[in-house]
Structures are given as C-alpha cells and as structure tokens.
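Open the model in your viewer and turn on the cartoon and side chains. The stops below can be selected one after another.

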Amino acid sequence: MDSLTDVHGLLVGHSQRTGDGWLTGTTVVLAPEGGAVAAVDVRGGGPGTRETDALDPRNLVQRVEAVVLTGGSAFGLDAASGVVAWLEEQGRGFRIGADPARVVPVVPAACLFDLGRGGDWRARPDAAFGREAAEAAAAAPMGAAPPQGNVGAGTGAVAGGMKGGVGSASAVLPNGVTVGALAAVNAVGSLVDGASGVLFGEVWTGSPGTPSPERHAEAARRLAAAREESERRWEGTAAPPLNTTLAVVATDAELDRAQSQKLAGTAHDGLARAIRPVHLLHDGDTVFTLATGQHAVEPAAVNDVLAAGADVLTRAVVRAALSARTVDGPGGLFPSYTDLYGRG
C-alpha cells in the first residue's frame, strides 16, 4: 500500500482539531508490542524534542513502544504524556522488576511549529491528543494505510507558504526487507522549484510533467499573495517563519542501535532532495527510526536499507504535498500544491 504501515507490526493513528481557532494535531506511531529498536537524528536549528537522549546507542533503553509527532511547538510535547499514560495502562514499557504492571514507557517525541495558524495562539495539542492518536493507532487494522494530508501532526503544517501535511511511502528491497517512511512536512524552505513549478522531490521520484509557464506564473502569483494575506491576518507576526519537518523511517530489517542511528542520518538526505533549503535555524528537522528486526540482513545489505530510507522519505514528502488541501482561515491562507497547479 506504499506507506509506513507496510512495515509489519507498525500502526499509525492521528488526532486533530480544526475550526474555532484550531488547526493542529498529533500523530502516533505504535511499534509492535515489545517495542522496536529506535534512533534519532536532529538536524534543524530549532528542534523541540522529548526523550531523544534515551535513544543514544550508549544508553540503557533498548526499545521503544511508540513515537509521537505533534503540532503545537514546545507546548504540544505534552501530547506524549497521553501516550505514556495509555501505554502504562497496556503494561507496555521499560519493565521495572517482576511485576508486569511496573513499566516506564519511554516515548520519544518531536514537535513542529503551527501556533496560531487556526487563529487561536493557545489552541495546541495536549495529553488528550496523544491518547486519542494512540487509541486510533491501536484500533487501526494491521497493514492499513494511514490517512495523509491535513491530518495529525500535518493538520497545521505549512511549507514555504504552501499547505503542508502528512505523507507516507514504502519500498520492498530485492531481499524482501521493507523500508517505510511517514513525514509531517512543515518547512521554512520550499517544496517547489521556483523556475518550473515541479516538486523538488519529483525530480528524484519521477515527475508527471512540468506545468506550463503560464500555469506556473499564475501559481507563483497566487502563492505570493497568500503569503501576504497570511501575514496580514497574523498582524505582522508571521515572520520570521518557524516550522520543522518531522519523520519516522522504519524497517523490518534487524538493525542494531548504531545502524538504526545511521539510518536516521542518511534518511535526512531524503528531506534535502525534496525541501530547499532544509535544516535551517528556524526548522527543527528531526528523523526517528524504528527497526522491528523481522528480517536478518548481511552487513553489506545494510547499505541498501540506508539508501532506501532516503528514497522513501523523499516520496513521503511528495505525497504530503499532493495530499494536502488548501486552508483559508483566520490564521492564514495556505494554498495546496494541487490547488495551485491543478493536480490531484
């Protein structure tokens, strides 16, 4: 189905709220019970994260049960508390002693900036969002493709003034290993080549065609006008841009923690192909990895997993752009790529 959930055992759930000042949400990726080997690589200059130090290969915790991607900037990290509480109720987490009820769920999380985009600065995810997204993930059929576009952590996402969102993709390698990605695309940089109107990521994944010069000129004019209108609605507070693209890249390959961390690092190449510029001071770009360990791989074959991580993340960004829908509200006017260029 070409999504993160093609990695067997992974589940995705979203929680979001729109209208009445809201435009934000939370996405939870649940690992199989017992957890997955996890890692992280943070490259943006303005990250907001929780429990990322626990993922250092030198540290104690070997596996995590869930990862949280959320809107709301630093306030939104509270969504992870709802996931921690839900996991504890399920008896899932780092075990303390023989009593199966004594667990400490370690839930890495990262946030993106979408404050005020619905009109209300104080409308941001809390623990209830995290619980709702975790419950939605647990209730999803195994292998079902998660919703994309204006959902979860992508609800209030914007990329270069254009509406961002959630996108997902996957690939199966010749040896049977699956690699998947899910991204919440919310970038200072652009997803679109200013000279042609082609999505940068489609240069790598295969473009369906270049927009006509007339269509591109009109789209560029509309996007510039939307940026001006969004700043007016924010009463001049929209600059400088504050953003962050978040991603989870997963595989069913058996990777150790150091290899998982390497996968998180090489996956950032996928962002660099699809977003320009990327990893700026006002981005907090963060990539998590999860390795479920269902397929043993030869040491040389790990390179194929690393390369695929970047490839599927590029495609996840493209799918986020193509799945997003225009938002026109009190916090701003954010046109979608499909609206601007007549695709979808």
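The tour goes through a sheet, two helices that lie on it, and the nonpolar cores. Keep in mind throughout that this is a predicted model.

**Stop 1: the sheet.** Select β5, β3, β15, β14, β13 and β12, in that order. They form an open sheet of 6 strands, and the pairing is mixed. Which strands stand at the edges? They are β5 (63-64) and β12 (165-172); each has a single partner strand, so one side of each has no neighbour in the sheet. Now select β12 together with β13 (residues 178-185): the two run antiparallel and are joined by 8 bridges. One pair to pick out is G165 with its bridge partner V185 in β13.

**Stop 2: the helices on the sheet.** Add α6, which packs on the sheet and touches β3, β14 and β15. The direction of α6 makes about 45° with that of β3. Then add α7, which also packs on the sheet, touching β12, β13, β14 and β15. Here the angle, taken between the directions of α7 and β12, is about 145°.

**Stop 3: strand β15.** Select β15 (286-295). Of its 10 residues, 7 are buried, so the strand is mostly covered. With β3 it pairs in the antiparallel sense over 6 bridges, whereas β14 and β15 pair in the parallel sense over 7 bridges. Click on T289: this residue of β15 is the bridge partner of A39 and also of V249.

**Stop 4: helix α6 in detail.** Select residues 257-274. This helix has 18 residues and spans 27 Å from its first C-alpha to its last, close to the expected 26 Å. At its start, a side-chain oxygen of D256 comes to within 3.2 Å of the backbone nitrogen of A258. Colour the buried residues of α6, among them R257, L263, H268, L271 and R273. What covers them includes β3 (36-42), α4 (200-205), β14 (246-253), β15 and α7 (302-323).

**Stop 5: the cores.** In soluble globular proteins, nonpolar side chains tend to be buried together. In this model the largest nonpolar core has 44 residues, of which L191, I275 and L313 touch the most other members. The elements giving two or more residues to this core are β13, α5 (213-233), β14, α6, β15, α7 and α8 (337-341). The largest share, 11 residues, comes from α7. Centre on L191 and show its contacts beyond four places in sequence, including M162, V185, F200, I275 and V317. Finish at a second, separate core of 28 residues, which includes L55, V61, L69 and A153.

Note on methods: Residues numbered from 1 in each chain as written. Predicted model: local features only at pLDDT ≥ 70, side-chain atom pairs only at ≥ 80, totals over all residues. Heavy atoms only, no water. Helix = DSSP H or I, 4+ residues; strand = E, 2+ residues; numbered from the N terminus. Expected span 1.5 Å × (residues − 1). Buried < 20%, exposed > 50% of the residue type's maximum accessible area, 1.4 Å probe, protein only. Contact = heavy atoms within 4.5 Å. Polar contact = N/O pair within 3.5 Å; in protein donor to acceptor, adjacent residues only side chain to side chain. Pairing = 2+ DSSP bridges. Axes fitted to C-alpha atoms, helices over the stretch in contact; angles between N-to-C directions. Core = buried A, V, L, I, M, F, W, Y, C linked by side-chain atoms within 4.5 Å.
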